[in-house]
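The following explanation leads the reader through a single protein chain, from its overall make-up to individual residues. Please keep the sequence and the coordinates at hand while reading.

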Amino acid sequence: MAAAVPNLEDVPSLDLMSELLRRFKCSSKPHKRLILIGPPGSGKGTQSPIIKDEYCLCHLATGDMLRAAVAAKTHLGVKAKEAMEKGELVSDDLVVGIIDEAIKKPSCQKGFILDGFPRTVVQAQKLDEMLQKQGVKIDKVLNFAIDDAILEERITGRWIHPSSGRTYHTKFAPPKISGADDVTGEPLIQRKDDTAAVLKSRLEAFHKQTEPVIDYYAKKSIVANLHAEKPPKEVTVEVEKVLSS
């Protein structure tokens with residue numbers, strides 16, 4: 001079932017004007033179809049919204065898309081829910097189908113950023129086949145290359161204030177008082193995923209799964225290796241250079 005289209009008469013004028021201006025600005029942007037690859041903590045989450053806004057792309061995070069398809073009870077969403085309820089992994093064909101549905105939306109008119117997919121060479125091949133049917137292809141794969149030791153320092157130093165979501169880092173953004181939130185003074189916690197042991201297993205899985213994917217796209221000469229250990233602003237400059245060439 002298609003989502004209900006809001007009555008434009010009920011949309012505030014300011015919202016309509018800003019959306020029209022955004023679309024006008026976007027009309028002259030080149031089409032870009034991008035994949036972001038990088039381990040947890042490599043900075044994909046920081047750069048992705050900047051790229052999205054600069055090039056008027058839609059951001060496709062497969063986990064979010066699956067949940068949205070299930071909630072919207074689309075044909076593919078119903079199938080995905082059945083698999084999840086049986087405790088099975090959602091098939092590659094289903095995920096590619098959901099991506100296929102998503103990229104036909106107006107927000108994806110200028111292209112997309114795929115984040116968290118493909119994770120395997122088979123998924124990359126299926127994605128390419130689907131895009132080929134539409135007469136398009138992936139333009140660039142941004143590889144957020146970073147040393148595991150730097151990641152460990154970045155991630156294991158992260159502490160959060162649970163109720164506000166404020167984040168701190170023991171080295172890069174420490175709280176005024178160790179272990180306490182600056183605003184409330186309440187204790188900070190570390191996410192379960194932010195420990196060295198969990199990170200080690202996530203990185204092992206990432207390297208084993210994703211390095212063949214990087215090789216697959218490297219053969220097509222579309223991989224750009226970014227120096228993801230640099231400060232975010234420098235990485236943004238690197239990304240801009242890669243995407244403007």
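The paragraphs below begin with the whole chain and then turn to the sheet, the helices and some local details.

The model is predicted. Its chain holds 9 helices and 7 strands, and its C-alpha atoms fill a box of roughly 50 × 50 × 45 Å along the principal axes. Of the 245 residues in the chain, 38% are buried. Among contacts with a separation of 6 or more, 70% are between residues 24 or more positions apart.

Five of the strands can be taken together. They form an open sheet with the order β2-β3-β1-β4-β7 and parallel pairing. The edges are occupied by β2 (58-61) and β7 (223-227); each has a single partner strand, so one side of each is left without a neighbour in the sheet. On average, neighbouring strands of this sheet are turned by 25° against each other, direction ignored.

Two of the pairings may be followed in detail. Strand β1, residues 32-37, runs parallel to strand β4, residues 140-145, and 4 bridges join them. Within this pairing, N143 in β4 is the bridge partner of I37. Helix α8 (residues 196-218) packs on the sheet and touches β1, β4 and β7, its direction making about 150° with that of β1. The second pairing links β4 to β7 in the parallel sense, over 5 bridges. Here V141 stands opposite V223 in β7.

The edge strand β7 also shows how side chains are distributed over the two faces. In a regular strand the side chains alternate between the two faces of the sheet. Along β7, A224 and L226 point to one face and are buried, whereas V223, N225 and H227 point to the other and are not.

Residues of β7 reappear in the surroundings of E238, which has its place in helix α9 (residues 232-244). With a relative accessible area of 14%, E238 falls under the 20% limit and therefore counts as buried. Leaving aside neighbours within four places in sequence, E238 is in contact with N225, L226, H227 and K230.

K230 is also one of the residues touched by R154, which lies in helix α7 (residues 148-156). Not counting residues up to four places away in sequence, R154 touches G41, S42, G43, I146, H169, F172, A228, E229 and K230. By contrast, a separation of 33 Å lies between the C-alpha atoms of R154 and E88, which are 66 residues apart along the chain.

Two of the residues touched by R154, H169 and F172, have numbers that fall in a span annotated in UniProt. An unreviewed entry there lists residues 158-193 as "domain: Adenylate kinase active site lid". In the model, this span is 0% helix and 17% strand, and its end C-alpha atoms lie 10 Å apart.

Next comes a pair of helices. The axes of α4 (residues 75-85) and α5 (residues 92-102) come within 10 Å and cross at roughly 150°. An angle over 145 degrees counts as roughly antiparallel, and α4 and α5 are therefore described in that way. Their crossing is left-handed. The contact is made by L76, K79 and A80 of α4 together with L94, G97, I98 and E101 of α5.

How far is α5 enclosed by the rest of the structure? Because 8 of its 11 residues are buried, α5 is largely enclosed. The buried residues are L94, V95, V96, G97, I98, I99, D100 and A102. They pack against β2, α3 (62-71), α4, β3 (111-115) and α6 (121-133).

Finally, some backbone details deserve attention. Most residues other than glycine have a negative phi, and most peptide bonds are trans. Between F117 and P118, however, the peptide bond is cis, with omega about 0°; P118 lies in the loop between β3 and α6. C56, in the loop between α2 (44-55) and β2, has a positive phi near 60°. S221, in the loop between α8 and β7, likewise has a positive phi near 60°. Are these two residues buried or exposed? C56 is buried, with a relative accessible area of 7%, while S221 counts as exposed at 62% relative accessibility.

Methods:
Residues are numbered from 1 along each chain as its sequence is written. This is a predicted model: local features need pLDDT of at least 70, side-chain atom pairs count only at pLDDT 80 or more; totals for chains, interfaces and linings use all residues. Side-chain values use heavy atoms; hydrogens and water are left out. Two strands pair if DSSP finds at least two bridges between them. Helices (H or I, at least four residues) and strands (E, at least two) are DSSP runs, numbered from the N terminus. Axes are lines fitted to C-alpha atoms, for helices over the stretch in contact, and angles run from 0 to 180 degrees between N-to-C directions. Contact means heavy atoms within 4.5 Å. UniProt positions are given in the numbering used here, feature names are shortened, and annotations may be inferred rather than shown by experiment. Buried means under 20% relative accessible area, exposed over 50%, partly exposed in between (1.4 Å probe, protein chains only). Angles under 35 degrees count as roughly parallel, over 145 as roughly antiparallel, 65 to 115 as roughly perpendicular and the rest as oblique. A crossing is left-handed if the near helix is turned anticlockwise from the far one by less than a right angle, and right-handed if clockwise.
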